[in-house]
Amino acid sequence: MVDTPQVSATPPESVHVLRDDEAGLRGVIVMHSTRRGPAAGGCRLWRYGDHAALVGDAMRLAEGMTYKNAMADLPLGGGKAVLNLPEGDFDRRKLFAAFGRAVARLEGDYVTAEDVGTSVADMEAVRGETRHVAGLPPRDGRPGGDPSPWTARGVFLAMEEAARRQLGSELKGLRVAVQGLGNVGSALCGMLHQAGARLIVAEPRPGVAAEIACRYDAEIMGRDSILDARCAIFAPCALGGVLDRETVGRLRAKLVCGAANNVLATPEDGDRLADRGILYAPDYVVNAGGIISVAGEYLGWSVDEVATRVHATGLRLGAVLAHAAREGLAPHRAADALARARITAAPTSPVREAA
């Protein structure tokens, strides 16, 4: 499954097709908006059935980054790189060096970092060709490295805020169903366990699921069946599009808050959640911790500045939910409206160069 749209599609500023036969590079860089600054968003490496599916995913993810960066109040626009995972063996360093050259040709209008399927080592290969990359090993006390712990921290803080509003409760004792145990999902489980939540987990890799279950005394369910779990909170932390017309009707949770991008298959599915009395914490509001770390690394902020901004995630979600209540909107509609207002108000001096 690849990500499907949550925000309404608007045309990107540009789409750059990537191809390097020697390196096995096939993909695109989509720059959705540079209105607030350079288009920033990670590089995803995934296997797609065809080029149209790859481009469609990149378009949706790039638009989501525009909204995410605006709501996190970052001086950045939105973009995304999506590369097709080559069949069989391939030279990974050569692939990402070729990708780095493509990023360099955009002369700072696009800033890349890790995403699904990519790593710090991959970004180091990109750095050999361009300076417009983050997610590199930390140095001199500045942020850097894998940004997923920051993403997990922001989701956890947003979940605390949403649980207080929707359930009138702290997380202690609540059953939380976490779908997806990648870097972010696993880190989130650790935080939830420490907070006293009771965990249900789903992960297609049995060994990973078993390890997390043993470590945090969690119940294991299947990736699809976890949607039927008796729980207070559903936390989607895998790929997107998990909530559609059919699955929304199956949820027993009263709150949806997770790290996945584009959780809603369509905006109408967010309306269906609201009609059922299920609070949806908009994904691009709650999962911005990683891009905040990337921005801090690229723009020269301190670790303390990154931490302060990530720790405000719950406050940002609270502002969205308050706006939704005042205007009589579902939360995802309220977040979209606030994001569009910020995007329309272009900054006076967008950042174009790394610090």
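A salt bridge here is a side-chain nitrogen of Lys or Arg within 4 Å of a carboxyl oxygen of Asp or Glu. Keep that cut-off in mind for the views below, which come from a predicted model in which local features need pLDDT of at least 70, side-chain atom pairs count only at pLDDT 80 or more, and totals for chains, interfaces and linings use all residues. Residues are numbered from 1 along each chain as its sequence is written, and side-chain values use heavy atoms, with hydrogens and water left out.

**View 1. A salt bridge between two loops, Asp-73 with Arg-36.** The side chains of Asp-73 and Arg-36 meet at 3.4 Å, N to O. Asp-73 sits in the loop between helix 1 (51-71) and strand 5 (77-84), while Arg-36 sits in the loop between strand 2 (25-33) and strand 3 (39-40), so look for partners 37 residues apart that link distant parts of the chain. Helices (H or I, at least four residues) and strands (E, at least two) are DSSP runs, numbered from the N terminus. Is each partner buried or exposed, or partly exposed? Asp-73 is partly exposed at 47% relative accessibility, whereas Arg-36 is buried at 12%. For these words, buried means under 20% relative accessible area, exposed over 50%, and partly exposed in between (1.4 Å probe, protein chains only).

**View 2. Asp-20 and Arg-101 bring a strand and a helix together in a salt bridge.** The closest N and O atoms of this pair are 3.6 Å apart. Asp-20 belongs to strand 1 (residues 14-20) and Arg-101 to helix 2 (residues 92-105), with their positions 81 residues apart in the chain. Both are partly exposed: Asp-20 has a relative accessibility of 21%, and Arg-101 has 34%.

**View 3. Glu-211 and Arg-215 pair within one helix.** Here the closest N and O atoms of the salt bridge are 2.4 Å apart. The two residues lie 4 residues apart in helix 6 (residues 206-216), about one turn of the helix. Glu-211 is partly exposed at 44%, and Arg-215 is partly exposed at 44%. For a wider view, a search of the whole structure finds 24 salt bridges, and a network of them links Arg-44, Asp-57, Lys-80 and Asp-115.

**View 4. Thr-112 is a buried loop residue.** Thr-112 lies between strand 6 (110-111) and helix 3 (120-127), and its relative accessible area is 0%. Its side chain makes a polar contact of 3.0 Å with the side chain of Tyr-110. A polar contact is a pair of N or O atoms within 3.5 Å; within protein, one must be able to donate a hydrogen and the other to accept it, and residues adjacent in sequence count only if both atoms are side-chain atoms. Which residues does Thr-112 touch, not counting those up to four places away in sequence? Among them are Gly-41, Cys-43, Phe-99, Met-123 and His-132, where contact means heavy atoms within 4.5 Å.

**View 5. Asp-122 is a buried residue of helix 3.** Its relative accessibility is 4%. Leaving aside neighbours within four places in sequence, Asp-122 is in contact with Arg-92, Phe-96 and Gly-117.

**View 6. The largest nonpolar core has 49 residues.** A nonpolar core is a set of buried Ala, Val, Leu, Ile, Met, Phe, Trp, Tyr and Cys residues joined through side-chain atoms within 4.5 Å. Met-159, Val-176, Val-178, Leu-188, Leu-192 and Ile-233 touch the most other members. Helix 4 (residues 148-167) supplies the largest share of this core, 8 residues. A second, separate core of 23 residues includes Met-31, Leu-45, Ala-81 and Leu-106. Back in the view, contacts of Val-178 beyond four places in sequence include Leu-192, Leu-199, Val-201 and Ile-226.

**View 7. Helix 10 is largely enclosed by the rest of the structure.** Why does this description fit helix 10 (residues 289-299)? It fits because 11 of the 11 residues are buried, among them Ile-291, Ser-293, Glu-297 and Tyr-298. The cover over helix 10 includes strand 3, helix 1, strand 6, helix 4, helix 11 (303-311) and helix 12 (313-327). Helix 10 is followed by Gly-300, whose phi is positive, near 85°.
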